[in-house]
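The exercises below go from the whole chain to single residues. Try each task before reading its solution.

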Amino acid sequence: MSEVKLSAASRTNFGKGAARQARRDGLVPGVIYGHGTDPKHVDVEGHGLMMALKTPNVLLSLDIAGDGTELVIPKAVQRHPVKRTLTHVDFLIVKKGEKVTVEVAVVTEGDLAAGNNMLETLLTTITVEAEATHIPTEVTVSIAGLEAGATIHASDLVLPAGTTLAVDGETAVLQVVAPQAEEPTAEAAEGEEA
C-alpha cells in the first residue's frame, strides 16, 4: 500500500467557531495521537483527505507545516449527518514495521452451485493484524460451486503474506442457505377448496 501525502497545519484555536472557520477554508480539523505522545491538533486539506479516505485503512503521510511529518492511519472519521462532508478525523500514529489491528472488507467472487440457494453474509469485514505499511484493502473469498449448508469460517480466508486473523478462526463469515418454501396463504387455501 502506498502512502498518500497530505499537507496539514498545527491548530492553535479550539472550539466550535475555530472548527467551523477551518471547514469554511476547506480544511478538516483532526487530532493525531499514539505511541505515548501528546495529542497534536491539526487542520488537514479537506479535498485531498476526502479522496484518500475512499481507500479503506489508507496510510497517510501528514506534512505538518513547521512540525515535521507523521505517518498515520485514520482511526475515527466523523461526517455531517446530512451533507456527509468530513467534520473531524482522529489519526493514529504508526511506524514502519509496526503491526496494527484493522477491519478489512470481505469480498466474494464466483457463483454458487446451480439452484436457488442464497448467500448469507454474516460479516462484511474481518478484523486482521497487519504491518502498518502493508494493510490489505480487502480479502477475497471464492464461493464458486458452494452448495446449501456450506459455511466459510474466518480460518478459511486466504490472507496476504504478513497478515494474521485477529478473531477466532471458527467465526462464521459466509454461509449458503437453501431457499425457504413459501407457505400457502389462507386465501390461496380457500381458493383450492372452492
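Helices and strands are DSSP runs, numbered from the N terminus; a helix (H or I) has at least four residues and a strand (E) at least two. With that numbering, the loop between β5 and β6 is the place of Arg-84. The model used throughout is predicted.

**Exercise 1. The chain as a whole**

Task: State how many helices and strands the chain has, and compare its radius of gyration with that of a compact globule of 194 residues.

Solution.
- Step 1. The secondary structure consists of three helices and 13 strands.
- Step 2. For a compact globule of 194 residues the radius of gyration would be near 16 Å, whereas the chain has 23 Å.
- Step 3. Along the principal axes, the box filled by the C-alpha atoms is roughly 85 × 45 × 25 Å.
- Step 4. Of the contacts between residues at least 6 apart in sequence, 64% link residues at least 24 apart.

**Exercise 2. Surface and charge**

Task: Find what percentage of the residues is buried, and how far apart the mean positions of the positive and negative charges are.

Solution.
- Step 1. In the chain of 194 residues, 34% are buried.
- Step 2. The accessible surface is about 11,300 Å², and carbon and sulfur atoms account for 50% of that area.
- Step 3. The chain carries 15 positive and 27 negative charges, and their mean positions lie 20 Å apart.

**Exercise 3. Two nonpolar cores**

Task: Identify which residues touch the most other members of the largest nonpolar core, and name members of the second core.

Solution.
- Step 1. In soluble globular proteins, nonpolar side chains tend to be buried together.
- Step 2. The largest nonpolar core has 21 residues, and those touching the most other members are Ile-73, Val-94, Val-100, Val-102, Ile-126, Leu-157 and Val-173.
- Step 3. At least two residues of this core come from each of β5 (68-79), β7 (99-109), β9 (125-131), β10 (138-142) and β13 (172-177).
- Step 4. Strand β7 gives the largest share of the core, four residues.
- Step 5. Outside its neighbours up to four places away in sequence, Val-102 touches Asn-57, Ile-73, Ile-126, Thr-127, Val-128 and Ile-135.
- Step 6. A separate second core has 18 residues, among them Ala-8, Leu-49, Val-89 and Ile-93.

**Exercise 4. Two residues of strand β6**

Task: Place Val-89 in its strand, decide whether Val-89 is buried or exposed, and list the contacts of Leu-92 beyond its neighbours within four places in sequence.

Solution.
- Step 1. Val-89 belongs to strand β6, residues 86-93.
- Step 2. The relative accessible area of Val-89 is 0%, so Val-89 is buried, the cut-off being under 20%.
- Step 3. Not counting residues up to four places away in sequence, Val-89 has contacts that include Val-28, Leu-49, Leu-53 and Val-77.
- Step 4. From Val-89 to Leu-157 the distance is 31 Å, C-alpha to C-alpha, with the two positions 68 residues apart in sequence numbering.
- Step 5. Leu-92 is also in strand β6. Apart from neighbours within four places in sequence, Leu-92 is in contact with Tyr-33, Gly-34, Leu-71, Val-72, Ile-73 and Lys-75.

**Exercise 5. Positive phi in loops**

Task: Give the phi of His-35 and of Arg-84, and classify the exposure of each residue.

Solution.
- Step 1. Most residues other than glycine have a negative phi.
- Step 2. His-35 is not a glycine, yet its phi is positive, near 60°. Arg-84, likewise not a glycine, has a positive phi of about 65°.
- Step 3. His-35 sits in the loop between β2 (27-34) and β3 (37-45).
- Step 4. With a relative accessible area of 42%, His-35 is partly exposed. Arg-84, at 48%, is partly exposed.

**Exercise 6. Two further loop residues**

Task: Locate Thr-55 and Val-158, and decide how each is classed by accessible area.

Solution.
- Step 1. Thr-55 is in the loop between α2 (46-52) and β4 (60-64).
- Step 2. Thr-55 has a relative accessible area of 34% and is therefore partly exposed.
- Step 3. Val-158 is in the loop between β11 (151-153) and β12 (164-165).
- Step 4. The relative accessible area of Val-158 is 64%; exposed means over 50%, so Val-158 is exposed.

Definitions and conventions: Residues numbered from 1 in each chain as written. Predicted model: local features only at pLDDT ≥ 70, side-chain atom pairs only at ≥ 80, totals over all residues. Heavy atoms only, no water. Rg over C-alpha atoms; globule rule 2.2 N^0.38 Å. Buried < 20%, exposed > 50% of the residue type's maximum accessible area, 1.4 Å probe, protein only. Contact = heavy atoms within 4.5 Å. Areas by Shrake-Rupley, 256 points an atom, 1.4 Å probe, with all protein chains shown as cover. Lys, Arg positive; Asp, Glu negative; His and termini not counted. Charge placed at Lys NZ, Arg CZ, Asp CG, Glu CD. Core = buried A, V, L, I, M, F, W, Y, C linked by side-chain atoms within 4.5 Å.
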